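Visitor: Please pick one part of this structure and take me through it slowly. I'm in my first year, so explain the terms as you go.

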Number of protein chains: 4
Amino acid sequence: MATAAEKGIVRETRTSVRVRYPETDRMGVVYHAHYLVWFELGRTELMRGLGATYGKLEDELGIAFPVISAGARYRSPARYDELLTVHTRLVEVGRARVRFEYRILRDEDERLLVEGFTEHATVGPGGRPTRMPENLRRKLEAGEACR
Amino acid sequence: MATAAEKGIVRETRTSVRVRYPETDRMGVVYHAHYLVWFELGRTELMRGLGATYGKLEDELGIAFPVISAGARYRSPARYDELLTVHTRLVEVGRARVRFEYRILRDEDERLLVEGFTEHATVGPGGRPTRMPENLRRKLEAGEACR
Amino acid sequence: MATAAEKGIVRETRTSVRVRYPETDRMGVVYHAHYLVWFELGRTELMRGLGATYGKLEDELGIAFPVISAGARYRSPARYDELLTVHTRLVEVGRARVRFEYRILRDEDERLLVEGFTEHATVGPGGRPTRMPENLRRKLEAGEACR
Amino acid sequence: MATAAEKGIVRETRTSVRVRYPETDRMGVVYHAHYLVWFELGRTELMRGLGATYGKLEDELGIAFPVISAGARYRSPARYDELLTVHTRLVEVGRARVRFEYRILRDEDERLLVEGFTEHATVGPGGRPTRMPENLRRKLEAGEACR
């Protein structure tokens, strides 16, 4: 099957975030766990752009994408009130699993601050592992990027 | 009806909390919203002590106590790694409403850091306002303190 | 001195917020402490609009506005992914104290969800109470609303 | 040089955590970013046990251990009010780098919920990379576990 790259589809979603006061810690920089929250904002907007609003998936289909694995490399710290951009790519869409990759850059100097990924299982009502519905899978594949 | 004070019941629950790193902000002190979370730890332990474990109320009876009003006065800041004690009192138990009051002190010097309150409605399954079940109300009244 | 109302200045700042997943709790609605964070976003944007960027006040003048009192009334819950607007007014500017008031409404149905206030001391370098610099006070007074 | 295992030192610190209400999300389970906070509680207690109180390192020596890399595998969800234990091991102590590994288990059934790691740089005053002071390094090496 043709990969996303072969099909010429290399989609990346950009999401703006401004650092909030309580996201900083006494070191004066953003506490490392908050980047995982920003990763989530990124994938939510990517999915919304593909016509797959995450809240509706949960509410209407009972489909959820719990995180089964996550990682981040912290290269440079973000500070209070800075504007950042989360670059999100959907790099794998499997039958019951998806993987997103993220890069967070500071707008002012385009410096790369953090890189990371999340992997998600697909679960259905009751939290049971389930295959992704076909039409959802097609929507996501349309947004799949090459690595 | 005799008040808690007249009945000689003036109960206060003490709950220990150690300040976590991400609860501090770049000012070097605890961000003000986190005290509301510690208030919750206080009332949860007070209720547990009365035999009314909050999680079980929600899971088994479908009874929840959403916050309808909250307030706090911040007198002195808490800092990273300090040990604090949340003093919690249940000061009103109505048919469909309860009120808790809190004082948070630093263990090292017994300094009063924050005072506050929360008021809660009683809601049943589906989030609808409901009267508190009688046996729950009796448990709570047993722990009601005078103002 | 003429009040803001007499001068015809009744300024209100509107700030958009979208509910994030971790801001919800197991009751399915926004946890009450997070509204205090959104209040902060509101006053930060109000101050930015008056030419008093909060981060710069701290970094360049050593002036901070720690919260000394806060309160909120919760009328209706916000849910995941909803778009909300924080309406912020600066209702008092004293020599060493300011007070903001907030209303948070859901965009979709313009329903009032939460009302609240915060009061702040003015502190200088080292966290000592200080008078507000005159030019800062003038900027803020320009944005003061009548109650 | 003899490894910790060869020296017969395999230290693991156990830290108790009870799940707080705002740590749950609308899926009814703990939001994945909070486990990183519990990892921090684990390493803080491990270091305290070795006589290296983290807050004092920052305040007295200007030494900080910012996270440069973190990862977690989520095996089973934690729920509200559950008691968990964070098992923390210090697996590498380099000249300017340390690595901790974590496992979080639920007390009730000893089920493994999450495994993860964090890697930290050593920075000195001003956030500049620095070698770890020798006496600090010796304290940490005393608690180093084999992998």
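**Where the chains meet, and the sheet they build**

Guide: Let's start where chain A and chain D touch: about 1,900 Å² is buried between them, and carbon and sulfur atoms give 50% of that area. Buried area here is the accessible area, taken with a 1.4 Å probe, that two parts lose on being put together, summed over both. Keep in mind that this is a predicted model, where local features need pLDDT of at least 70 and side-chain atom pairs count only at pLDDT 80 or more, while totals for chains, interfaces and linings use all residues. As for the bookkeeping, residues are numbered from 1 along each chain as its sequence is written, chains are lettered from A and ligands numbered from 1 in the order in which they are written, and side-chain values use heavy atoms, with hydrogens and water left out.

Back to A and D. A contact means heavy atoms within 4.5 Å, and by that rule 23 residues of chain A touch 23 residues of chain D. Four salt bridges turn up across this interface; the rule asks for a side-chain nitrogen of Lys or Arg within 4 Å of a carboxyl oxygen of Asp or Glu. One of them pairs A:Arg26 with D:Asp59, whose closest N and O atoms are 3.2 Å apart.

Now for the symmetry. Turn chain A by 180°, with a shift of 0.0 Å along the axis, and it lands on chain D with an RMSD of 0.0 Å. The two copies are thus related as by a two-fold rotation axis. The superposition is a least-squares fit on the C-alpha atoms of residues with pLDDT of at least 70 in both copies. In chain A, the residue that comes closest to the axis is A:Gly71, with its C-alpha at 2.0 Å. Since 100% of chain A's interface residues are interface residues in chain D too, the copies meet through the same surface.

Chains B and C tell a matching story. A rotation of 180° with 0.0 Å of shift superposes chain B on chain C, again at RMSD 0.0 Å, and B:Gly71 is the residue of chain B closest to that axis, at 2.0 Å (C-alpha).

Here's the sheet. Ten strands, paired antiparallel, form an open sheet in the order 1(B)-3(B)-4(B)-5(B)-2(B)-2(C)-5(C)-4(C)-3(C)-1(C). Its edges are strand 1 (13-18) of chain B and strand 1 (13-18) of chain C, each pairing on one side only. On average, neighbouring strands are turned by 20° against each other, ignoring direction. Strands are DSSP runs of E with at least two residues, helices are runs of H or I with at least four, and both are numbered from the N terminus; two strands pair if DSSP finds at least two bridges between them.

Let's walk through chain B's half. Strand 3 (residues 83-93) and strand 4 of chain B run antiparallel, joined by nine bridges, one of which partners B:Glu92 with B:Arg99. A hairpin with three residues links these two strands. Strand 4 of chain B then pairs with strand 5 of chain B, antiparallel, over nine bridges, including B:Phe100 with B:Thr118. That hairpin has five residues between its strands, and B:Glu110 in the turn has a positive phi of about 55°. Strand 4 (residues 97-106) of chain B is mostly covered, with eight of its ten residues buried, meaning under 20% relative accessible area, with over 50% called exposed and anything in between partly exposed (1.4 Å probe, protein chains only). Next along, strand 5 (residues 112-121) of chain B meets strand 2 (residues 67-74) of chain B through seven antiparallel bridges, and B:Ser69 has B:Glu119 as its bridge partner.

Finally, step across to chain C. C:Ser69 sits in strand 2 (residues 67-74) of that chain, and at 5% relative accessibility it counts as buried. Beyond its neighbours within four places in sequence, C:Ser69 touches B:Ala72, B:Arg73 and B:Tyr74, along with C:Phe117, C:Thr118 and C:Glu119.

Methods:
Axes are lines fitted to C-alpha atoms, for helices over the stretch in contact, and angles run from 0 to 180 degrees between N-to-C directions.
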